[in-house]
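Please open the model in your viewer, with the sequence panel beside it, and keep a selection tool at hand. The tour moves from one stop to the next, with a view of the whole chain along the way.

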Amino acid sequence: MDLPKYNGNIHPDEWVNDIQKYLKLKNNNYSINDYLEIAKTLVDTNISLPTEIDTIEKLRNALKEDISFTVFKSTNKRKLQLLKYIPESKGGDTSKFISNFLKLCYNAEINDIEEQKNYFYKSLPMNNYFSSEFYKKMKDVNSVNELIKEFEDIIVEESNLIKDESIVALKHIATGKYLSSIENLHYTTGSKFQLIVAGSPAVPDPNSLWKIKFGKELATYNNTSIKLQHVKSSYKFLGIYHGAYEGYYGYYKSPSNNYTEVSCNSTSNINNSSKYWNENWKFNDSKLESRQGYLKSSDIINISVKKLFDNRGNYTPNGPVEFLRSHDIKFTIGNDTFQEVVCHNERLGGNDEWCIELIKQHIWTIDTK
């Protein structure tokens, strides 16, 4: 390793410390004056040093007073302004980002925590999540270590957020089984659409994977409508259907009771009656009705759908809301037995709770402007 020269492209403090460390490793017999004389010879000839420098500290201060250091600090400030955070899901590296941020602050001598927070905020993706969470968590931050810790908490939570078009599974809390649909297996009564069951236990299988859609990057509690597209069945969605049924007009009933049938279908399969198919669902926290914030993996939720038509087929925008439920009641098709999934408008309980699990987060394009 050669002795590092000083040409204005390193912070004077860092350079002096490197010189001292290097010489101590090479020879412990160097005096303080030896350090000084060797260091002075390593300063670029374009940098003029006062003749009266007789201590390491005076050398350090002289380097800081030279115009090259002013340019160095300004350069690092501009680099700091251009620094952008990219999460791992987009090929970024949080650890390297933090290292670069701290290094640039050090080089630019930005030590005020409020100024550091301002630069940090400007480096983040411009979306509601980062903006709101950063503001909430950084109000009481008083040191750069606290800033980094709070940012890491934000990143961990962001990695668990349910984003539009992510792949999810819905686990029924009471029985531990996953909301599933089996391609080409249909109800033998009612709509005769592809059936919905509480299927695979323990871990999700391909029949229990759903693409969640809501038309914006993140789903917020109490004001987001979602669609659940069955991954294996391609264009089919979870929904309920209103039509002619056993001598009357209304929503189809489950094969084993009077609850509303839930099925998996696409509007292209319903011809001219697609308006009677409803695949728009709402979700809310199963314990806290007024919960705010974003939907994330492991949240326990109730899932509801609105009946938009009465028994005469009239459109009713303020129709009754029913909730997705499963229970231990079984029904059979041929030689196969299935755990039923229905919709109901009764009092909510444990059979109406679903845990949403993130299987694969959709990668959104990040605005770094």
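Begin by selecting H186 and colouring its side chain: with a relative accessibility of 29%, H186 counts as partly exposed, because that class covers values between the 20% limit for buried and the 50% limit for exposed. Bear in mind throughout that what you have on screen is a predicted model.

**Around H186**

Extend the selection to residues 177–186, and you will have strand β2, in which H186 lies. Then look for the backbone oxygen of N184, which is placed 3.4 Å from a polar atom of the H186 side chain. If you now show the contacts of H186 and leave aside neighbours within four places in sequence, you should find K192, F193, Q194, L195, K236 and I333. Add S263 as well, for although H186 and S263 are 77 residues apart along the chain, their C-alpha atoms are separated by 8.7 Å.

**The whole chain**

Zoom out and hide the side chains, so that the eight helices and 15 strands of the protein can be followed. Turned along its principal axes, the protein has C-alpha atoms that fill a box of roughly 105 × 40 × 35 Å. The radius of gyration is 32 Å, whereas a compact globule of 369 residues would have a value near 21 Å. Of the contacts with a separation of 6 or more, 63% are made by residues 24 or more positions apart. Colouring by burial will mark 47% of the 369 residues as buried. With a surface display switched on, you are looking at about 19,100 Å² of accessible area, 47% of which belongs to carbon and sulfur atoms. If you colour by charge instead, there are 46 positive and 47 negative charges, and their mean positions are 5 Å apart.

**N302 and its surroundings**

Next, select residues 300–306, which form strand β12, and pick out N302 within this strand. Is N302 buried or exposed? N302 has a relative accessibility of 4% and therefore counts as buried, since the limit for that class is 20%. Follow the side chain of N302 to the backbone oxygen of D352, which it reaches at 2.8 Å. Apart from residues up to four places away in sequence, N302 touches K282, F283, N284, D285, S286, F323, L348, D352 and E353.

**On to D285**

One of those partners, D285, makes a good next stop. Select residues 281–285 to see strand β11, where D285 is found. D285 counts as buried because its relative accessibility is 11%. Which backbone nitrogen does the side chain of D285 reach at 2.8 Å? Show the backbone of K287, whose nitrogen is the one in question, and then that of L288, whose nitrogen lies 2.8 Å from a polar atom of the D285 side chain. Beyond its neighbours within four places in sequence, D285 is in contact with Y221, R291, I300 and N302.

**A last stop at I67**

Finally, select residues 67–82, which make up helix α4, and find I67 in it. I67 has a relative accessibility of 60% and so counts as exposed. To finish, draw a distance between the C-alpha atoms of I67 and Y106, which should read 18 Å for two residues that are 39 residues apart along the chain.

Definitions and conventions. Residues numbered from 1 in each chain as written. Predicted model: local features only at pLDDT ≥ 70, side-chain atom pairs only at ≥ 80, totals over all residues. Heavy atoms only, no water. Helix = DSSP H or I, 4+ residues; strand = E, 2+ residues; numbered from the N terminus. Rg over C-alpha atoms; globule rule 2.2 N^0.38 Å. Buried < 20%, exposed > 50% of the residue type's maximum accessible area, 1.4 Å probe, protein only. Contact = heavy atoms within 4.5 Å. Areas by Shrake-Rupley, 256 points an atom, 1.4 Å probe, with all protein chains shown as cover. Lys, Arg positive; Asp, Glu negative; His and termini not counted. Charge placed at Lys NZ, Arg CZ, Asp CG, Glu CD. Polar contact = N/O pair within 3.5 Å; in protein donor to acceptor, adjacent residues only side chain to side chain.
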